[in-house]
Amino acid sequence: MEALGTIISTPETPNTLEFHFVIKEGKVHKGQFVQVPSSEGPVLGTISEIYRANRYFERAESVAEYSKLGIISSNFPVSEWEYMVARVRVHGIISQNFLTRSSIPAKCGSEVLKAEDEQLKKFLHIDEKGLHVGTLLHHTMQIKLHLSKLFQKHLAILAMSGSGKSYLAGVLMEELLERDSSLGRMAIIAIDNHGEYVGFKDSAYRKQVNVLEGKKIKIGLRHLNASHLSSWSNMSAVARRALDLHLSSLKKKAKEGGEPPSLDDLIKSIQNDETLNKKENVRGPLLSALGDLAYMRLIAKSDSINSSIISPGTLTVIDLSSIDDLRKKQMIVAYYGRKFFRQRKKGAIPPYVMLVEEAHNFCRERAEKSMALSKPIIETIAREGRKFGASLCLISQRPVHLSTTALSQCNSNIILRVTNPFDLKHIGESCEGIDSTTLNSITSLRVGEALIIGEAVGVPVFVNVRKRKSKTAVRGESLEQIAKEFEEKNKIKEDEIEAFL
Ligand SMILES: Nc1ncnc2c1ncn2[C@@H]1O[C@H](COP(=O)(O)OP(=O)(O)OP(=O)(O)O)[C@@H](O)[C@H]1O
Ligand SMILES: [Mg+2]
């Protein structure tokens, strides 16, 4: 086996958590896994940093003096005394299928070896039939995540804008869609703020994909009660009671054989209520609140999404890109999120992953009540979902604004490049098992490189995300490309007008 170097003694290392080794020739990389044979078994660690050491440059005063005279390199064999040293964070001892805590530090002078794929597979929980997200950085091993370990509890994908969150989510979706039914398949529901997953409809997976256009999504009034409506618009307790009476009576009539009520019916019923004639201070604001809801064009006689489309191995894209009003988007997520969760509890729909793009907009840590419409259901699924096979995949470029209740329930995290210090600090605090050197490495990740932490993998791993098989998002195109397409489109229009005239 190839030796990478030899363990050296520094004032504090080797200890049970860390050792340093001087690098032999050849390449070693930050994030690479290494092993050291020991009496307890192979000690496994990750290279957390690489630095140069040179005794000729240790003392500031001598370096300053010699460099004034310009005689360092000409008079001393400085390059012969230059070493590359790697710092290694110890994970533990590899024994059978798991890691045990090391109780004795690795020995000075021991040879440091490359960790073998077979060893890594055991404790990284690699499942040959799992979800293939990419390759372990600086190794050749494919990272195939165990479905239950990834989704039994929830997943958060966090990174700054443009670092590849949606791309990675697309990879995960492809894996879920390709999964064989004999292995157990989940359904995917994607809350797609920017229409980034609509492209799945034109891909090889098209038969498994439903795209629901935001503007056409409706919520059936007959499934709502006064408390739903009052949580979506501002109304007093008295107004809510009046609303409750009218709505219940309309629903009762519908049950007795009439048409399901519409929001217009409800508004008319309140307008015609003579008992409210003397209570204009109740009726006025109530009608105005209902008028605001009607303006949104979201509430209709019946639901437009039938839960039966949520079936195993399918992707349902709720494309909210055509809606500008965040409250309307939140209402859709609040209503259908609750509906699907209820259906799942009853066993009417299969286990599912609800993927929420821009999760900080749907489940904000500090949100005014009027802007926290979908937060309760997301937090409920975060807390209770795992008992019922309802998982969340929360995607956010501003983790600092994401609900800590929801984030703390995400037992696996995939982090791509983040440079904002507030977000980094927040990630460090909310992800278990992330140390400061790993956290700092996040700032230097390139597009397509990710850090996976938590239950899905035994120890934090850096991964090169695999290429997507299906079409990528339109929004991923470069600005030049979008600008060119815009001009070309306009040119065609102008030519057509000219030809017509
Ligand atoms: N693993 C990868 N391999 C190749 N290209 C990638 C990879 N990951 C991301 N990209 C490219 O990088 C660009 C940005 O990716 P993406 O849209 O997924 O970022 P994002 O984090 O979702 O950004 P935003 O926060 O703005 O939604 C896209 O052009 C995408 O094709
Ligand atoms: Mg995105």
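Two strands are taken to pair if DSSP finds at least two bridges between them. In this predicted model, an open sheet of 11 strands meets that criterion. The strand order is 9-8-20-19-18-10-17-16-11-15-12, and the pairing is mixed. Strand 9 (142-145) and strand 12 (209-213) stand at the edges. Each has a single partner strand, so one side of each is left without a neighbour in the sheet. From one strand to the next, the twist averages 25°.

Within the sheet, strand 11 (residues 187-192) and strand 16 (residues 352-356) run parallel. They are joined by 5 bridges. Ile191 has its bridge partner, Val356, in strand 16. In general, strands of a sheet pair through backbone hydrogen bonds, either parallel or antiparallel.

Helix 5 (residues 165-178) has 14 residues. At 1.5 Å a residue, these should span 20 Å. The end C-alpha atoms are 20 Å apart, which agrees with that expectation. Helix 5 is mostly covered, with 12 of its 14 residues buried. Among the buried residues are the charged-type positions Lys165, Glu174 and Glu175. Leu168, Val171, Leu172, Met173, Leu176 and Leu177 are also buried in helix 5, as are Ser166, Ala169 and Gly170.

A nonpolar patch lies on the surface elsewhere in the sequence, made by Ile497, Phe500 and Leu501. Its area is about 440 Å². Phe500 belongs to helix 16 (residues 479-500). The relative accessible area of Phe500 is 74%. Exposed means over 50%, so Phe500 counts as exposed.

Definitions and conventions:
Residues are numbered from 1 along each chain as its sequence is written. Chains are lettered from A and ligands numbered from 1 in the order in which they are written. This is a predicted model: local features need pLDDT of at least 70, side-chain atom pairs count only at pLDDT 80 or more; totals for chains, interfaces and linings use all residues. Side-chain values use heavy atoms; hydrogens and water are left out. Patches are made of residues with over 30% relative accessible area and no salt bridge: like charges are joined within 9 Å, nonpolar side chains (Val, Leu, Ile, Met, Phe, Trp, Tyr) within 5 Å. Accessible areas come from the Shrake-Rupley method with a 1.4 Å probe; for residues, only the protein chains shown count as cover. A salt bridge is a side-chain nitrogen of Lys or Arg within 4 Å of a carboxyl oxygen of Asp or Glu. Helices (H or I, at least four residues) and strands (E, at least two) are DSSP runs, numbered from the N terminus. Buried means under 20% relative accessible area, exposed over 50%, partly exposed in between (1.4 Å probe, protein chains only). The expected span of a helix is 1.5 Å times one less than its number of residues. Axes are lines fitted to C-alpha atoms, for helices over the stretch in contact, and angles run from 0 to 180 degrees between N-to-C directions.
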